[in-house]
Amino acid sequence: MIRIENYLGNNRQASQPAGYLQSVNPYNREAIAEFPCSGKAEVDEAVASAEQALVGWRQTSATQRADYLDRIASAIELRSEQIAAAITASCGKPLTEAGYDVLDSIDCYRYYAALARELAAQQDAQGLQAVAIADPAFSSRLRREPVGVVALITPWNFPTVTTSWKLAPALAAGCTVVLKPSEVTPLPESILAEICTAAGLPAGVVNIVYGAGEAGAALVSHPQVRKVSFTGSTATGARIALETAAEIKNLSLELGGKSSIIVFDDADMEVALQAIMGGIFFNNGQICSATSRLLVHEGIAAELLAQLQQRVAQLKPSNPATAEAVLGPLACEAQFNKVMEYLAIAEAEGLQCLNGGKACSDGVSQWMVEPTVYVDVPVSSRLWQEEIFGPVLCCRTFATVEEAIERANDCEYGLAATVVSGDEQRAEAVACQLEAGHIWLNCDQKVLVETSWGGMKKSGLGRELGPWGLSAFTEVKHITRKS
Ligand code: ADP
């Protein structure tokens with residue numbers, strides 16, 4: 001078993017963590033790593049390390065920072081297989097999907113390197129750039145400055161990827177960082193620590209503190225932390241908003257979802273089936289943007305659901321570390337228990353089950369769930385309304401476009417949606433009326449680094465990726481004078 005230590009500017013932490021926690025492979029429940037259960041003392045040291053490094057890092061040019069990002073990307077590329085294996089061993093996602101995660105993270109570091117260079121080209125040596133002003137009596141110049149020391153808190157469903165979505169723009173902006181990865185998936189980020197050292201990042205620019213909610217809470221409430229970028233549950237996001245309110249901290253929150261996929265009667269059946277299956281079974285449905293509500297036009301519902309039932313029946317969870325695996329176990333015992341509770345609620349509510357509805361095992365894993373589909377789910381059902389974060393799809397039919405939009409928007413979340421229709425114009429018009437941050441038309445859930453990521457309503461605050469992701473780590477300053 002590997003022993004992971006916190007990663008700080010001057011290598012070793014002076015304080016002794018209260019103890020060590022274990023990271024368990026969810027497939028066979030073997031302990032794969034132990035890592036510090038950090039508390040306030042460890043967090044204080046990490047923030048001090050980030051603060052010390054900020055002095056020099058914020059003065060580097062955006063072009064220099066871009067070079068570091070490219071070096072991180074290349075170092076990740078060299079260790080892709082090792083990182084993908086660590087992701088699969090920590091959260092049980094199929095190895096192929098873990099490989100996509102690594103590629104997405106490489107793209108992200110390279111994208112922000114390019115964006116930093118692009119912005120640098122518009123600025124003078126002091127980082128100032130001209131602003132168009134209509135009043136001839138005045139002129140003004142703009143400077144984008146790093147927010148300062150930032151806390152990055154990530155979940156277990158996309159380690160490496162969510163980290164890159166935060167770390168790459170934070171570094172590009174000139175911030176120094178304290179990252180707290182999920183206690184379920186510390187292993188992939190421990191490789192990132194080695195990569196930061198190998199990339200020659202100045203000590204203390206990136207600090208990693210491992211631990212559970214206690215470490216996260218100490219980090220977000222630390223007075224020297226100027227910004228928190230968090231991905232996780234809506235409940236924890238709300239707690240962080242409360243904990244940081246008095247200090248008026250800059251917040252980015254990427255939270256839960258209960259997204260819809262709307263399939264019209266002119267849809268290509270194959271496109272629809274692939275989008276439905278990918279939207280709920282990719283990463284075992286443990287995706288904040290999972291399209292866990294299927295709204296299908298009544299004219300094609302019988303045919304679509306019959307074909308869906310056949311396809312889902314062929315999906316079997318297996319050892320995620322094999323190249324053929326398409327579904328693994330759920331990521332941890334708590335998540336398995338949570339999904340099982342929802343299956344029990346479905347039974348108590350008398351939902352009609354088309355596929356699955358129970359746990360299963362390949363003889364090794366104890367945290368596997370059959371891919372599950374319920375049909376004719378009433379809107380009052382808890383399974384229709386609440387985020388399950390598992391391989392559980394709830395279906396309903398609709399008669400009119402208005403009804404589909406109303407049903408999709410009848411939700412406390414607003415992260416994503418998919419629309420499938422042969423009429424692209426209609427699909428786009430519907431997309432414009434959906435209350436969600438990202439909509440896919442006739443395709444799978446591809447998240448491109450140039451586009452934004454984040455949600456409306458209880459799905460969060462702010463946007464990651466694209467230029468918006470970089471702006472989230474900068475303060476804007478204008479210097480105005482008489483011309
Ligand atoms: P999940 O359901 O994915 O465990 P959480 O929102 O609880 O969702 O966890 C996401 C991340 O937030 C994890 O890294 C976790 O340790 C951290 N976390 C949990 N509680 C807190 C808290 N009170 N303050 C800050 N971070 C927290």
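**Exercise 1.** How many Å is an oxygen atom of the ligand from an N or O atom in the side chain of T236?

*Solution.* Before we start: this is a predicted model, where local features need pLDDT of at least 70 and side-chain atom pairs count only at pLDDT 80 or more, while totals for chains, interfaces and linings use all residues. Residues are numbered from 1 along each chain as its sequence is written, and side-chain values use heavy atoms, leaving out hydrogens and water.

Step 1: Look for a polar contact, here a pair of N or O atoms within 3.5 Å. For T236, the distance to a ligand oxygen is 3.0 Å.

Step 2: Try E183, where a side-chain N or O atom sits 2.6 Å from an oxygen of the ligand.

Step 3: Now see how covered the ligand is. Alone it exposes 560 Å², and the protein buries 81% of that (Shrake-Rupley method, 1.4 Å probe).

**Exercise 2.** Work out which residues surround the ligand.

*Solution.* Step 1: Count residues with a heavy atom within 4 Å of the ligand. You get 18, and the closest are T154, K180, E183, S233 and T236.

Step 2: Sort the shell by class: seven nonpolar, eight polar (Gly among them in this scheme) and three charged residues.

**Exercise 3.** Is N319 buried or partly exposed?

*Solution.* Step 1: Its relative accessibility is 25%, so N319 counts as partly exposed (between 20% and 50%, 1.4 Å probe, protein chains only).

Step 2: Check its neighbours by contact (heavy atoms within 4.5 Å). Skipping residues up to four places away in sequence, N319 touches Y27, A325 and D362.

Step 3: Finish with its side chain, which has a polar atom 3.0 Å from the backbone nitrogen of A321.

Note on methods: Polar contact = N/O pair within 3.5 Å; in protein donor to acceptor, adjacent residues only side chain to side chain.
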